[in-house]
Amino acid sequence: MEQRPGTTCLPDGTKVAYATAGDGPPLLFIGGWLSHLELSWALPAERHLFEGLARGRTLLRYDRPGCGLSDRPSDVEVSLESELDTVAAVVTAAGVDRCEVMGSSLGVPVAIEWAVRHPDTVSRLALYGGWARGPDIAPAPLREHVVGLVSSHWGLGADVLTDIFAPEASTGTRSALAAYQRQASSAPTAAALLALCYRVDVTGSLEKVRAPTLVVHREHDRAAPADQARLIAAGIPTSQLRILPGRSHMPYIGDVDALIAVIRDFLGLPALRRTTAPRLTARQRQVAALVTQGFTNREIGDRLGIDERSAEGHVERIRIRLGVRSRAQVAAWWVATYT
């Protein structure tokens, strides 16, 4: 499965990147705190989640302003209203009139508010790992400490948040996630978005949601307490609640297949067969390792005793095998898989 990239603009001219994958009725995915369309597709764990959602649906994802492939203005606006404006721009550009919506983490309050303000556009609503009242996620001193850490020490902040968000991740995936967060956004934007997570409050909108809603949460989520899922489910009249085992906040860490199965069942999609991860030949693994170290095709050829054209051919076949488009994606896949 491959992503199909696209771009649109907000009224102020800010470019917003989006991508679709799969075929079928549209499923809008409103993601969490940070995103990067290109690198997330290269991270095996995250891609496994998205491909699981995209089989039988056209999955629509985007990078909010300040993140990933979207424009990164130094003074990016961060608010619930700006989040909704971005969703509006993306669904319009993608030609989507009515769709299913899945929100994850910060995407949950955004999805709730979108469903309330645009009820005719949402056929079903799936909410994972989110909250309705940000101030209740953690005590105020802890919230202030984490935002300050991200703002002043982005490298350390990314490592700390990876520990909180993905305690069940493998060593390689944790390393790739920390690097992914740092590449997905600047420190000021990451801190501003984290502050939005902690202040957003959509409790007043819960009773106004009319779409059939599934609320899913992991029992021991370290970033968002399960009590928030219970609050959301109690407030939305048409909701059902599923609490799954696990500690990881990120949907693609832990028992991902169980989460995919619950979401697909709610959307009326058949269960999936397990798929095998792409495999590289021994030579391709050598080349991918050198790509990860930043070597050019000519330098790879010199290292392996082959000509530059042969090295270029290996890199191209690796990209095709992994279903990615860039050397950065190859590097992200390598770190998550082999470190």
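Student: In this predicted model, which residues lie nearest the centre of the largest cavity?
Tutor: The lining of the largest cavity comprises 22 residues. In volume, the cavity is about 310 Å³. Those nearest its centre are Gly32, Trp33, Leu34, Glu46 and Tyr252.

Student: Which helix gives the most to the lining of the largest cavity?
Tutor: Helix 1 (37-42), helix 2 (44-54), strand 4 (58-62) and helix 7 (171-184) each supply at least two lining residues. The largest contribution is three residues, and it comes from helix 2.

Student: How many residues of each class does the lining of the largest cavity have?
Tutor: The lining is made up of 22 residues. Divided by class, they are 12 nonpolar, eight polar and two charged.

Student: Is Trp33 buried or exposed?
Tutor: Trp33 belongs to the loop between strand 3 (26-30) and helix 1. Its relative accessible area is 6%, and buried means under 20%. Therefore Trp33 is classed as buried.

Student: Which residue has its backbone oxygen 2.9 Å from a polar atom of the Trp33 side chain?
Tutor: Setting aside residues up to four places away in sequence, Trp33 touches several residues, including Arg64, Trp154, Gln181, Ala190 and Leu194. The backbone oxygen lying 2.9 Å from a polar atom of the Trp33 side chain is that of Ala190.

Student: What is the phi of Ser105?
Tutor: Ser105 sits in the loop between strand 5 (99-104) and helix 4 (107-117), and Ser105 is buried at a relative accessible area of 9%. Most residues other than glycine have a negative phi. For Ser105, phi is positive, at a value near 60°.

Terms used:
Residues numbered from 1 in each chain as written. Predicted model: local features only at pLDDT ≥ 70, side-chain atom pairs only at ≥ 80, totals over all residues. Heavy atoms only, no water. 1 Å grid on protein atoms, 1.4 Å probe; cavity = no way out; pocket = protein on both sides within 12 Å on 5 of 7 lines; lining within 4 Å. Points joined across faces, edges and corners; volume = space filled by probe spheres on them. Helix = DSSP H or I, 4+ residues; strand = E, 2+ residues; numbered from the N terminus. Nonpolar A, V, L, I, M, F, W, Y, C, P; charged D, E, K, R; others polar. Buried < 20%, exposed > 50% of the residue type's maximum accessible area, 1.4 Å probe, protein only. Contact = heavy atoms within 4.5 Å. Polar contact = N/O pair within 3.5 Å; in protein donor to acceptor, adjacent residues only side chain to side chain.
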